Amino acid sequence: MSRMAEEDHAVIKHILTAYSNMRVFYDESRDWSSSKLEEHWPKMGKEKAHWQHIQERIIRNNKAYVDFVMQIPGFMQLDHDDKQDLCQLASFQAALILCGTEWYNKQQKKFQNFWNFTVSPENPMYLFKLHLLQAGEVINKLELSPVELSLTLALSCFSADLMFLKDPESVESVRRHIIYLLQQHIAEQGINPDERLAAIFNIMPMTRHISMWHKQLMKNMRVNMELGAVSKQVEGISI
């Protein structure tokens, strides 16, 4: 495989910079909230502060995520509704991949700064939390490099198989370009790109399923603002 062209290196560097800017807003070790929350999720009727924390995180993460995907070459040229739908679907998926790579503790088998509340077995979120931790362990074992992570996050946004897309061909074109960049980068590191790409692709169905589960869970519990939060951020994307 030939070495990457200078313009490909420039695109990868651009996406990596966009990722670095996004990462700041996912870092829960920063003092985003003025109140200190209990680690254990409270009993029903006393969870107001915890739900408020989740709502604030959803808005903050989604704003950062939309800013990130807007920097991916080809995204701005997609159909407006497709851009909005792709962001809505992939926002939590991206958060899971990012936090599984950056903030999953192998020894404690839990996230450091992401969904690190202790949830009791009778809580409707308990089963979801177990699957979330299992996914975090699988993602962390990949040991994605910063470039691999930034391109994987970019790739997670472009699901051309979605039935409701108005222009799936254009989405697939962007997706193929990201795969090409990822493949070229991996090859330059002296790693078998077929094997490495297969390992990365392997986490996509799992993380996408959990992202859809998260959306439904939030809707059922009481936080039905993820859709609105993303929509407000995407409204101006066609400019």
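This is a short tour of a predicted model, one selection at a time.

**The whole chain**

Start with everything shown as a cartoon. The protein has 9 helices and 2 strands, and from the N terminus on the elements run α-α-α-β-β-α-α-α-α-α-α. If you colour by accessibility, buried residues make up 49% of the 239 residues.

**Helix 5**

Now select residues 146-156, which form helix 5. How many of the 11 residues of helix 5 are buried? The count is 10, so helix 5 is largely enclosed by the rest of the structure. The buried residues include the leucines Leu 149, Leu 151, Leu 153 and Leu 155. Polar and charged side chains belong to the list too, among them Glu 148, Ser 150, Thr 152 and Ser 156. Val 147 and Ala 154 are also buried.

**Just before helix 5**

Step back to Glu 143, in the loop between helix 4 (126-142) and helix 5. Glu 143 is exposed, with a relative accessible area of 57%. Check its backbone as well: phi of Glu 143 is near 50°, a positive value in a residue other than glycine.

**Two cysteines**

Next, show Cys 87 and Cys 157 as sticks. Both cysteines are out of the solvent: Cys 87 is buried at a relative accessible area of 0%, and Cys 157 is buried at 1%. Why is there no bond between Cys 87 and Cys 157? The sulfur of Cys 87 has its closest cysteine sulfur in Cys 157, but the separation of 4.8 Å is too far for a bond. A disulfide would need the two sulfur atoms within 2.5 Å. The structure holds 0 disulfides.

**A ring pair between two loops**

Move on to Phe 158 and add Phe 75. The structure holds 4 aromatic pairs, and Phe 75 with Phe 158 is an edge-to-face one, at 6.1 Å centre to centre and 75° between the planes. Phe 75 sits in the loop between helix 2 and helix 3, while Phe 158 sits in the loop between helix 5 and helix 6 (168-188), so the pair ties together parts that are 83 residues apart in sequence. Phe 75 is buried at 0% relative accessible area, and Phe 158 counts as buried at 1%.

**The two strands**

Another edge-to-face pair joins Tyr 104 and Phe 111, with 5.5 Å centre to centre and 80° between the planes. Both Tyr 104 and Phe 111 are buried. While you are here, pick Lys 109, found in the loop between strand 1 (104-105) and strand 2 (110-111). Lys 109 has a positive phi of about 55° although it is not a glycine. Its relative accessible area of 44% makes Lys 109 partly exposed.

**The cavity**

Turn on a cavity display. The count comes to 1 cavity of 30 Å³ or more, with a volume of about 130 Å³. Which residues lie nearest the centre of the cavity? Select Ile 58, Asn 61, Phe 92, Ala 95 and His 214, out of a lining of 13 residues. Helix 2 (48-69) and helix 3 (80-102) are the elements that give two or more residues to this lining. Helix 2 has the largest share, 5 residues. By class, the lining has 7 nonpolar, 4 polar and 2 charged residues.

Keep Phe 92 selected and add Phe 128 and Trp 213. Ring pairs link Phe 92, Phe 128 and Trp 213 into a cluster.

**Along helices 2 and 3**

Finish on the two helices. Ser 91 lies in helix 3 and is buried, with a relative accessible area of 3%. Add Asn 62 and look at the C-alpha atoms: Ser 91 and Asn 62 are 29 residues apart in sequence and 6.3 Å apart in space.

The last stop is Arg 60, in helix 2. Is Arg 60 buried or exposed? With a relative accessible area of 14%, Arg 60 is buried, because the limit for that class is under 20%. Follow its side chain to Phe 25, where it reaches the backbone oxygen at 3.1 Å.

How values were computed:
Residues numbered from 1 in each chain as written. Predicted model: local features only at pLDDT ≥ 70, side-chain atom pairs only at ≥ 80, totals over all residues. Heavy atoms only, no water. 1 Å grid on protein atoms, 1.4 Å probe; cavity = no way out; pocket = protein on both sides within 12 Å on 5 of 7 lines; lining within 4 Å. Points joined across faces, edges and corners; volume = space filled by probe spheres on them. Helix = DSSP H or I, 4+ residues; strand = E, 2+ residues; numbered from the N terminus. Nonpolar A, V, L, I, M, F, W, Y, C, P; charged D, E, K, R; others polar. Buried < 20%, exposed > 50% of the residue type's maximum accessible area, 1.4 Å probe, protein only. Polar contact = N/O pair within 3.5 Å; in protein donor to acceptor, adjacent residues only side chain to side chain. Phe/Tyr/Trp six-rings, centres within 6.5 Å; stacked < 30°, edge-to-face > 60°.
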